[in-house]
Amino acid sequence: MIVLGIETSCDETSAALVQDGRKILANTVASSLEFHKKYGGVIPEIASRMQLETISGIMESALKKAQIKLKDIDLIGVTSGPGLLGSLLVGISFAKSLSLGLAKPLLGVNHVYSHFYANFLAGEKIKLPFVALVVSGGHTSLFYIRDFDKIEVLGETQDDACGEAFDKVAKILGLGYPGGPAIEKIAASGEPKKIRFNCYGTRGKLDFSFSGIKTAVLYYVKGRRLSRKEKADISASFQEAVIETLVTKAILACKMKKVSRLVVGGGVAANNRLRDKFYAAAADHNLSCYFPAQSLCMDNAAMIAGLAYQLFKKGYRSDLSLTADLN
Ligand code: KG4
Ligand code: ZN
């Protein structure tokens, strides 16, 4: 079964063709990142306008790469939320018109869940149930996954998302946008134990809070002219504290749910230090830990097509009343 996936939740415009929920035939991604950089964050109006302009071409190039004709598509899966309203509506409207024009079924997919699904695209056979941690620019959540449609939220951020904290700290340090890759790069030459930053307490044991640590960095640097070495130490210490809290809570979630599989996804999961720390902690606790390929950590339509396939098989369908779901 061939699924066309469409993803336009933030600044990316992506179309993918995925066979039977696992085999990526094409996964084309365009980003409007360059146009947002000077503002230090994504400007929704710019993102949705660029998505409107590029979506047809992106789909055409995915079809060409996969050597698939529109008539060969069996299902259209589209991100229905959460995300930026205008951006989501571009993808949803596009998917709905294709579904109507081609008389093919349509299915709206949750973007956050699709991030952990990215792990299943590499042919990984991960047994259910498992604990999933999604760390992205908009979300930080721990889930207990009994099945692709039986998902329990174990914990989530009370304030900023993890990627958002990387972006804000990078801005404070003048490292540019997006902050995650910039922090990771400079942190490589810093000392992770130089400054003791902490992620603060949360209401629930498995919830997260990242706004306090961001403020701690802000106060730490206030009124100081920083050398490159100092920026590297601050970045490394911040990164270490964030990773430590993610690892601790993810392992705790596995213990609480008595599962031995931990699946991680989302943009922040591309971070090499984070991946190493998770693999090491998982080994210490006899857990199997899974990460998607780094390219599949970022927003892409293959993960949408893959999850759409799994849900379609379970009988889920959307109709033309499908609209953006911001929750
Ligand atoms: O999943 P994603 O592509 O988009 C959302 O759904 O939000 O995640 C983007 C986020 C950004 O905040 C970015 O700074 C962060 O992921 N990120 C990273 C790294 N690469 C991207 N954070 C830490 N280290 C990285 N290497
Ligand atoms: Zn995402």
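**Exercise 1. Find which helices supply at least two residues each of the shell around ligand 1, and which of them gives the most.**

Solution. α4 (111–117), α5 (162–172) and α6 (179–187) each supply at least two residues of that shell. Helices here are DSSP runs of H or I with at least four residues, and strands are runs of E with at least two, numbered from the N terminus. α6 gives the most, with four residues.

Before going on, a word on the model: it is predicted, local features need pLDDT of at least 70, side-chain atom pairs count only at pLDDT 80 or more, and totals for chains, interfaces and linings use all residues. Residues are numbered from 1 along each chain as its sequence is written, chains are lettered from A and ligands numbered from 1 in the order in which they are written, and side-chain values use heavy atoms, with hydrogens and water left out.

**Exercise 2. Describe the surroundings of ligand 1.**

Solution. Start with the neighbours: 20 residues surround ligand 1, and Gly137, Asp167, Gly180, Glu184 and Gly267 come nearest. A residue belongs here if one of its heavy atoms lies within 4 Å of the ligand.

Next, sort the shell: six residues are nonpolar, 11 polar and three charged. Ala, Val, Leu, Ile, Met, Phe, Trp, Tyr, Cys and Pro count as nonpolar, Asp, Glu, Lys and Arg as charged, and the others, Gly among them, as polar.

Then look for polar contacts, pairs of N or O atoms within 3.5 Å. A polar side-chain atom of aspartate 167 lies 2.7 Å from an oxygen atom of ligand 1. For histidine 111, a polar side-chain atom is 3.2 Å from a ligand 1 oxygen. Glycine 138 instead uses a backbone N or O atom, 3.2 Å from an oxygen of ligand 1.

Finish with coverage: the protein covers 90% of the 550 Å² of accessible area that ligand 1 has on its own, by the Shrake-Rupley method with a 1.4 Å probe.

**Exercise 3. Locate the cis peptide bonds that precede proline 82 and proline 178.**

Solution. One cis bond joins glycine 81 and proline 82, with omega about -10 degrees; proline 82 lies in the loop between β4 (75–81) and α3 (85–102). Another joins tyrosine 177 and proline 178, with omega about -5 degrees. Proline 178 is in the loop between α5 and α6.

**Exercise 4. Where does serine 318 lie, and which residue's backbone nitrogen is 2.9 Å from its side chain?**

Solution. Serine 318 lies in the segment after α10 (302–313). A polar atom of its side chain is 2.9 Å from the backbone nitrogen of glycine 108.

Key. A polar contact is a pair of N or O atoms within 3.5 Å; within protein, one must be able to donate a hydrogen and the other to accept it, and residues adjacent in sequence count only if both atoms are side-chain atoms.
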